[in-house]
Amino acid sequence: MSRVGQARSLLFVPGHRPDRFTTAEDTAADLVCIDLEDAVAPADRPAARRAVIDHLAGLPAGHRTGLRVSRLASADGLRDVLALAEAGADAGVRPAFVMLAKADSAEAVRLLAAHLVGTPLIALIESPRGVAAAAGIAAAHPQVQALMLGGVDLCVELGARFGWEGLLHARGALVQAAAAAGIGCIDVPFLDVADAAGLAAEAQRVAALGFSAKSCIHPQQVATVHAALAPAPAELEQAARVVQAAGAAGADAPAVLLDGRLVDRPVVLAAQRLLARAGR
């Protein structure tokens, strides 16, 4: 899985605040997303677009900073994508990823991939149509490396209350679509920056559903998300034992007994994935 797909955290920073770009990059966030959409007033977007491209041009190879562009059906979205494509062709500017706002069809994702060849893409799902099309979006193109849930806009369209119950169906749908495509799945931000305990609890709940990452709107949320998503020491110890037992049995063994329990290939794969998440 790619760097985007393996991320645990994605930290948003407003595109009209270039003074905060480096501050965000100095955090431990796995991905930094400069926002050219909702965080920026329409009148400020041309200047923000130039500032983001100038910033990307100065970053070293292997950086982890990308950006969110507006939906392709909007003038701002078209300008975002054309500016990136031109900067890539003229100056070699390469974001670590591009997040497409309001992604609601596989066709929109394929169009973006055609203009930004080779750039990892995150499809932001924030409408009922997008949720319904999530499986097709996830599998639309190899450049799609994660889905992300946009919960506030989705709840507005659904007429649902923004919270666990209102987002449960969409969360499950996105996890299944991402898992089927073998890509990452990023949860909506937790909006109460002062409530670290609430953030940790929600991050643990979405991890139990199958999300691989949670987005953040403030640097102080990053450490809490990483701690909440980290496997417990006992889980890691058991995963290591499973992998060791499977290795000792040989690649051709369909299953092996460990502590009196049958360990088959899916259990081994889950253990390997858990160890990979922990960097082991």
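The following legends describe close-up views of a predicted model.

**View 1. A buried salt bridge joins helices α3 and α4.**
The search of the whole structure finds 18 salt bridges, and one of them pairs R49 with D76. The closest N and O atoms of R49 and D76 are 3.3 Å apart. R49 belongs to helix α3 (residues 45-57) and D76 to helix α4 (residues 75-91), so this pair ties together parts that lie 27 residues apart in sequence. Both partners are buried. Side chains of opposite charge can pair when their charged atoms come close.

**View 2. The surroundings of R49 in helix α3.**
R49 has a relative accessible area of 9%. This residue counts as buried because its value falls under 20%. When neighbours within four places in sequence are left aside, R49 is in contact with L36, D76, R79, D80 and A83. Of these contacts, D76 is also the salt-bridge partner of R49.

**View 3. D104 and R129 form a salt bridge.**
The closest N and O atoms of D104 and R129 are 3.8 Å apart. The pair links distant parts of the chain, 25 residues apart. D104 is in the loop between β4 (98-100) and α5 (106-115), whereas R129 is in helix α6 (residues 128-132). Are the two partners buried or exposed? D104 is partly exposed, with a relative accessible area of 23%. R129, at 56% relative accessibility, counts as exposed.

**View 4. D259 and R241 form a salt bridge between a loop and a helix.**
Here the closest N and O atoms are 2.7 Å apart. D259 lies in the loop between β9 (255-258) and β10 (261-264), and R241 lies in helix α12 (residues 233-249), so the pair ties together parts that are 18 residues apart in sequence. The relative accessible area of D259 is 56%, and this residue is exposed. R241 counts as partly exposed, at 31% relative accessibility.

**View 5. A network of salt bridges links several charged residues.**
Which residues are linked in this network? The members are D35, E37, R68, K102, E126 and D153. Two of the names, D35 and R68, return in the next view, where they are among the residues that lie nearest the centre of the second largest pocket.

**View 6. The second largest pocket and its lining.**
This pocket holds about 500 Å³ of space. Its lining consists of 25 residues, and those nearest its centre are F12, D35, R68, P189 and I217. The elements giving two or more residues to the lining are β1 (9-14), α2 (21-25), β6 (144-149) and α8 (151-158). Strand β1 supplies the largest share, with 4 residues. By residue class, the lining divides into 15 nonpolar, 4 polar and 6 charged residues.

**View 7. The largest nonpolar core and the contacts of V109.**
The largest nonpolar core has 65 residues. Those with the most contacts inside it are L67, V98, L100, V109, L112, L147 and L174. Helix α9 (residues 164-181) provides the largest share of this core, 7 residues. V109 touches L100, L121, A123, I137, A140 and V144, residues up to four places away in sequence not being counted. A second, separate core has 16 residues, including V4, M99, A101 and I122.

**View 8. C185 in strand β7 is buried.**
Strand β7 spans residues 184-187. The relative accessible area of C185 is 2%. C185 touches L147, L174, V175, A178, F211, S212 and A213, apart from residues up to four places away in sequence. Two of these contacts, L147 and L174, are among the residues with the most contacts inside the largest nonpolar core. The C-alpha atoms of C185 and A138 are separated by 9.8 Å, although these residues are 47 residues apart along the chain.

**View 9. F211 is a buried loop residue.**
F211 is found in the loop between α10 (196-209) and β8 (213-216). Its relative accessible area is 5%. Residues up to four places away in sequence aside, F211 touches R171, V175, C185, I186, D187 and V206. One of these, C185, is the residue of the preceding view, and V175 is in contact with C185 as well. F211 and R8 are 203 residues apart in sequence, yet their C-alpha atoms are 9.1 Å apart in space.

Key: Residues are numbered from 1 along each chain as its sequence is written. This is a predicted model: local features need pLDDT of at least 70, side-chain atom pairs count only at pLDDT 80 or more; totals for chains, interfaces and linings use all residues. Side-chain values use heavy atoms; hydrogens and water are left out. A salt bridge is a side-chain nitrogen of Lys or Arg within 4 Å of a carboxyl oxygen of Asp or Glu. Buried means under 20% relative accessible area, exposed over 50%, partly exposed in between (1.4 Å probe, protein chains only). On a 1 Å grid over the protein atoms alone, a cavity is a set of points where a 1.4 Å probe fits but cannot get out, and a pocket is an open set with protein on both sides within 12 Å along at least five of seven lines; lining residues have an atom within 4 Å of a point. Grid points are joined across faces, edges and corners, and a volume is the space filled by probe spheres set on the points. Ala, Val, Leu, Ile, Met, Phe, Trp, Tyr, Cys and Pro count as nonpolar, Asp, Glu, Lys and Arg as charged, and the others, Gly among them, as polar. Contact means heavy atoms within 4.5 Å. A nonpolar core is a set of buried Ala, Val, Leu, Ile, Met, Phe, Trp, Tyr and Cys residues joined through side-chain atoms within 4.5 Å.
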